[in-house]
Amino acid sequence: PVSDVQRAVAFLGLDTVRSLVLTAAILRSFEQAPKIPGFSAERLQAYTLITAKVARRIARTRPDAHAIAQECFTAGLLHDIGKLVIATSFPDAFAAFVAARAAGEITSSCAWEREHLGFTHAEVGAYLLRLWALPTAIVEAVAFHHEPGRVPQRGFEIVGCVHVADALVDGCLPDAPCWQGVTRTEGEADLGYLEALGVSDQLPAWRAIAEEEARAFDQRLN
């Protein structure tokens, strides 16, 4: 039996408890998000959870990234929290974005956001996480999960795992009704970035991981 926080931390581990607390904070943010046609905060939550699982598994396939697997999970869980901030604070602009995206008028989410808002969901999400005093590596991964090449190449780290997971999960999600309304990413991993790090040959194996996690989630829904 676990009756206090100290026992919970000892039993589950500090990283797991931290992820649970962050998940609870995200759920509270979902409750505050206004109703926007074509957008579902619950579906976005499901998408980020799958991305987090895939990012963690990708890290565990790499000897040089195995130790940061839990941080990859946390960063994957939070990588799109900036969308919730925009949906809550700028609902009209976000509604316009969702409508344009659904109409096929947007090829780059970040480019649209910079033009119409002056910042991207990745940037505002990273800013929020910095205010929450999360580790720099997680903040960095959220800030650059669409543009990993902007991070000095120190190796295949958290930003790389989250970038690949985000792109692959987006590319393999089934076109089922449960996914309608998810604001999708570009769905393409940065091959130049991965080739420079010498890991591009791992993409087929990582894609298989993403497909497995997406299928497992879809089966649970059905």
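Buried here means under 20% relative accessible area. Cysteine 110, at 6% relative accessibility, therefore counts as buried. The model is predicted, and the tour below moves through it by selection.

**Confidence**

Colour the chain by pLDDT. The protein averages 82, and 83% of the residues score at least 70. Select helix H9, residues 136-143, where confidence is highest, at a mean of 94. Then select helix H2, residues 14-32, where confidence is lowest, at a mean of 67. Next, go to residues 175-186. Over this stretch pLDDT stays under 50, although the model has 39 contacts for it beyond four places in sequence. Where pLDDT is low, the predicted coordinates should not be read in detail.

**Cysteines**

Select cysteine 161 and show its side chain. Cysteine 161 is buried, at 0% relative accessibility. Which cysteine holds the sulfur closest to that of cysteine 161? It is cysteine 72, with the two sulfurs 3.7 Å apart. A disulfide needs sulfur atoms within 2.5 Å, so this pair is too far apart for a bond. The structure holds 0 disulfides.

**Salt bridges**

The structure holds 6 salt bridges. Start with arginine 57 and glutamate 212, whose closest N and O atoms are 3.4 Å apart. Arginine 57 belongs to helix H3 (residues 41-60) and glutamate 212 to helix H12 (residues 203-221), so this salt bridge ties together parts that are 155 residues apart in sequence. Arginine 57 is partly exposed, with a relative accessible area of 25%. Glutamate 212 is also partly exposed, at 41%.

Move to glutamate 147. Its salt bridge with arginine 114 has closest N and O atoms 3.2 Å apart. Glutamate 147 sits in the loop between H9 and helix H10 (158-172), and arginine 114 in helix H7 (residues 109-116), so the pair joins parts that are 33 residues apart in sequence. Both side chains can be checked for exposure: glutamate 147 is partly exposed at 25%, and arginine 114 is partly exposed at 33%.

Keep glutamate 147 selected and add arginine 150. These two side chains also meet in a salt bridge, at 3.2 Å from N to O. Which residues are linked with them in a network of salt bridges? Add Glu123 to the selection: Arg114, Glu123, Glu147 and Arg150 are linked in this network.

**Helix H8**

Select helix H8, residues 121-131. Its buried residues are His121, Ala122, Val124, Gly125, Ala126 and Leu129. Show the surroundings of these residues, and the packing partners appear: helix H4 (69-78), helix H5 (81-89), H7 and H9. Past the end of H8, stop at alanine 133, whose phi is positive, near 65 degrees.

**The loop before H10**

Return to the loop between H9 and H10 and select glycine 155, which is placed there. Glycine 155 is partly exposed, at 26% relative accessibility. Add aspartate 64 to the selection. The two residues are 91 apart in sequence, yet their C-alpha atoms are 7.9 Å apart in space.

**The nonpolar core**

The largest nonpolar core has 60 residues. To find the residues with the most contacts inside it, select Phe39, Phe156 and Trp206. Then select H10, which gives the most to this core, with 10 residues.

**Aromatic pairs**

The count comes to 5 aromatic pairs. Select phenylalanine 90 and phenylalanine 119. Their ring centres are 5.9 Å apart and their planes stand at 55 degrees, so the pair is tilted. Phenylalanine 90 is in the loop between H5 and helix H6 (91-102), and phenylalanine 119 in the loop between H7 and H8, so the pair ties together parts that are 29 residues apart in sequence. Phenylalanine 90 is partly exposed at 38%, and phenylalanine 119 is partly exposed at 22%.

Now select phenylalanine 94 and phenylalanine 97. With centres 5.9 Å apart and planes at 35 degrees, this pair is tilted. The two residues lie in helix H6, 3 residues apart, which means that about one helical turn separates them. Are they buried or exposed? Phenylalanine 94 is buried, with a relative accessible area of 2%, and phenylalanine 97 is buried, also at 2%.

To finish, add Phe39 and Trp112. Ring pairs link Phe39, Phe94, Phe97 and Trp112 into a cluster. Phe39 is also one of the residues with the most contacts inside the largest nonpolar core.

Conventions
Residues are numbered from 1 along each chain as its sequence is written. This is a predicted model: local features need pLDDT of at least 70, side-chain atom pairs count only at pLDDT 80 or more; totals for chains, interfaces and linings use all residues. Side-chain values use heavy atoms; hydrogens and water are left out. Buried means under 20% relative accessible area, exposed over 50%, partly exposed in between (1.4 Å probe, protein chains only). pLDDT is the predictor's confidence in each residue, from 0 to 100. Helices (H or I, at least four residues) and strands (E, at least two) are DSSP runs, numbered from the N terminus. Contact means heavy atoms within 4.5 Å. A salt bridge is a side-chain nitrogen of Lys or Arg within 4 Å of a carboxyl oxygen of Asp or Glu. A nonpolar core is a set of buried Ala, Val, Leu, Ile, Met, Phe, Trp, Tyr and Cys residues joined through side-chain atoms within 4.5 Å. Rings of Phe, Tyr and Trp (its six-membered ring) pair if their centres lie within 6.5 Å; planes under 30 degrees apart count as stacked, over 60 as edge-to-face and the rest as tilted.
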